[in-house]
Amino acid sequence: MVTELGTALRGLRTATSMTQEQLAERSGVSVRTIRRLENGALPDPRLATINQLAAALGVAPHVLNPSSAGLPADAGTDVRAGAAPAPAFAPRSPFHVHGVLEEAAGELAREIRRRWRREEDQSRVRDPFHLPVRWRPAPADLVDRSDNIQRLGPGAVAEPLDLSGDLSDVALVHRRIPSGRLVVLGRAGAGKSVLAIRLALDLLESGCSQVPVIFSLGAWDPTTTSLPDWLVGQLLRDHPHLARRSPGGAQSLAEALIHCDAVLPVLDGFDEIAEGLRAAALRELNTTSSALVVTTRREEFADAVRVAGAPLAWAAGIELGDITTDDLAHYLPRTARDGNAHGWDRVLTAARDPQDPAGARLAEALSTPLMVALARVLYSDGSGDGSGDGSDEERGDSGDGSGGKAGPDPAELLDADRFPDTRSLEEHLLKGFVPTLYRMRPPEPATPGRGRPRRAFHPDQAGRWLGYLAHGLATHPSDRHDLAWWQLGDSMRRSSRTLAVVLTTAACLTVSTWLVGALIGALIAVDPVQIVLLGLLLGPVAGLAFGCVYAVTPLFGRGSGIEPSRTRLRLRGHQQMTRRPRRALTAHLGAILLGGFVMGAGFALALTLERSLVYHFPLSAPGVLTVTLINIVVFALIFGTAATSVFGLLTAFQAPLDTSSTATPSALLASNRAETTRQLLVLAALLAGAITGIGELVTVTFQGTLGPLIWGEGGIEIGVIGGVGGAAAYVFTFTAWGQWLVLVRFWLPLTGRLPWNTAAFLDDAYGRGALRRSGAVYQFRHVRLQHHLARAHRAREARFADADLSDPAAEARGEKE
């Protein structure tokens, strides 16, 4: 059915004698979207789309859509008295948000500012001062035409665009670009992420009309998720409170902020997208005209432009330059706070001498901020701690940061035998980074309000654990860079995870059966042997049932990952509850229904086996098969209906997390632990009651049809066992915190791959500077460090595989390493 918007759009387009293709070219909106709007197939368009169309047609937004009548005049084309009509290619300006959206944008801006100021302090990029980050205009074949960048109309002549400046001017340079679209090119370690953070902070501190939000682009798959939808998902991950509904109720606050261009996406790491997806990502970016910033390595972006056939539309570009030897001379001596600044003198003198091959290699190695930062850690920050990349025995100290020899002399970087080329120098700096961090910073002492002191992690252990984490990211099909606590278990083989689900579920059902049996035995006379036998049989059967469901869930499009909950149960005052998308809700309840059916069928089989062993009748006795099949049908119906009903009811009582629930990794883990505990208690009670009640209803309904059915007191026992055991099994195997507990807090530490307190280890690694935080996830300090640690882990595993472990001495050496 054609909407009022569609009728107005068609009429205005016809009045200006434009075809749909011409309107698409003038507005930047795709022909498909225009056609869907005019046909009424897109009843709820983005406000930014209306703004673009209105600007191209020369009318105010409310002429197209009456719901935008309350927006200020500068939200679209300026139609005030005496104002000149806007050019056809006027730069897009964000809608001004009011009320709840304005509050949400303000809170988001404050959160972003706090986060990135802390990250700057944590990485010490301003200590003693920012390393110079300079740039030059990007090559012409990697950016759009000047008249497109300046969004000029037909026949207008583009003026030269001034993109000159340094790190302190990055916000000003961005404002000079009429389209607001900028590509930042640079090689690995050139300072692209540092520039992105500084841009976001400068824009926030200067009162930008949009909230700059940095998104790590490596996790985006453009073939399955559009850019706006992915941005919304990332916002919800890092800012759960934005799941609340917007004033109109049709979308979440995150969707509203993205769709009304209140957010400036700073897309960091285009080169980290999987190689085969980069061209598709560039094409998807070209379907939008929103202001945005993209950082990427030059070679990967050039390949994407070549395959896609066009650069990023309307985008200007800059390319970051190298650190010079003068920059090193000003910076490195000032990082040595212990009076040993002269240790850099010989190094800097050699680096400045073009006739010195070792100095030239070192100058080339230290030409990026990343390598300068690593050199600072090893030779300035680690001074006097006995650090280096050799073993403890080679250094002659214990490696615990107490005493020992003086720190390494930076002059060793000029050793041509050890470092014959630039790559060997870079590998040396990468190799020594993590051990130095763990030697030079002892654990923080206990202070009032901070609880117990942090434990000390041995450098070799820390390197091995970080290597395992880096390897797990690299082996993922999309080469992930986000170290999310709920995905750490994905580094295990799926068969191992399925086995963990089977064993955990079996333990939950067995223990719950014994506990319920003991409680009933305290009230009435019950054969304890029968209870023990039922638990031993019911546990493995339920484990196999849950394991089968877990194994087949990827076939139904649910994937292997389980996301953390960003909602909480609110049994009172639920007028502001969130609504899940219909498709997601249907898939969720469908999986619950399948699990209930399988659980019920397994329960019926376990009962048959238990009674056969207790009453000594053979399974091949007459009528046993018939009774078992009837029980399978009845129990599957009872458990499936009860589980679906309970989970559907709980979905209706889910509300977004509060604004105070800003998602740092530790905060999100703590909130999920509390929510999962609450969910366990509620689920156990509701499932027990539902199984008992629905069981009575089903037996009454099918009495006689399926033969004589008995529920009664035995049904209550079955309901309590199924409720308590089923709730515990679900929580520990199909929630993010449950899998974290089973896999990361127990299974992986048991095999030595991770420490027993992984959360404390990650937080400690962040405090030392090995990791950084990006919202609700950790990331390695730099992708090159991540890849280096992953390679080291694979080399270590290969050495173990080649070692003769039948030799006790070799095995002992392997354990020590």
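## Lining of the second largest cavity

Seven nonpolar, two polar and two charged residues make up the lining of the second largest cavity in this predicted model. The nonpolar members are Leu227, Pro228, Leu231, Ile258, Val263, Pro265 and Leu292. Thr288 and Ser290 are the polar ones, while Arg46 and Asp261 carry the charged label.

Two secondary-structure elements, helix α10 (227-238) and strand β4 (263-268), each contribute at least two residues to this lining. Helix α10 gives the largest share, namely three residues. The space enclosed is about 100 Å³, and the model holds five cavities of 30 Å³ or more.

## A nonpolar surface patch

Trp514, Val532 and Leu536 form a nonpolar patch on the surface, with an area of about 260 Å². Of these residues, Val532 belongs to helix α22, which spans residues 528-552. Val532 counts as partly exposed because its relative accessibility is 39%, a value between the 20% limit for buried and the 50% limit for exposed residues.

## A contact distant in sequence

Asn672 is part of helix α25, which covers residues 665-701. With a relative accessibility of 2%, Asn672 falls under the 20% limit and therefore counts as buried.

In sequence, 65 residues separate Asn672 from Trp737, yet their C-alpha atoms are 6.1 Å apart in space.

## Backbone features in loops

The peptide bond between Asp127 and Pro128 is cis, with omega at about -5 degrees. Pro128 sits in the loop that runs between helix α6 (99-123) and strand β1 (135-137).

Positive phi values appear at two residues other than glycine, Arg151 and Trp314. For Arg151, phi is near 55 degrees; this residue lies in the loop between α7 (146-149) and α8 (170-175). Arg151 is classed as buried because its relative accessible area is 5%. For Trp314, phi is near 65 degrees, and its place is the loop between α13 (298-308) and β6 (315-320). The relative accessible area of Trp314 is 12%, so this residue is likewise buried under the 20% limit.

Conventions: Residues are numbered from 1 along each chain as its sequence is written. This is a predicted model: local features need pLDDT of at least 70, side-chain atom pairs count only at pLDDT 80 or more; totals for chains, interfaces and linings use all residues. Side-chain values use heavy atoms; hydrogens and water are left out. On a 1 Å grid over the protein atoms alone, a cavity is a set of points where a 1.4 Å probe fits but cannot get out, and a pocket is an open set with protein on both sides within 12 Å along at least five of seven lines; lining residues have an atom within 4 Å of a point. Grid points are joined across faces, edges and corners, and a volume is the space filled by probe spheres set on the points. Helices (H or I, at least four residues) and strands (E, at least two) are DSSP runs, numbered from the N terminus. Patches are made of residues with over 30% relative accessible area and no salt bridge: like charges are joined within 9 Å, nonpolar side chains (Val, Leu, Ile, Met, Phe, Trp, Tyr) within 5 Å. Accessible areas come from the Shrake-Rupley method with a 1.4 Å probe; for residues, only the protein chains shown count as cover. A salt bridge is a side-chain nitrogen of Lys or Arg within 4 Å of a carboxyl oxygen of Asp or Glu. Buried means under 20% relative accessible area, exposed over 50%, partly exposed in between (1.4 Å probe, protein chains only).
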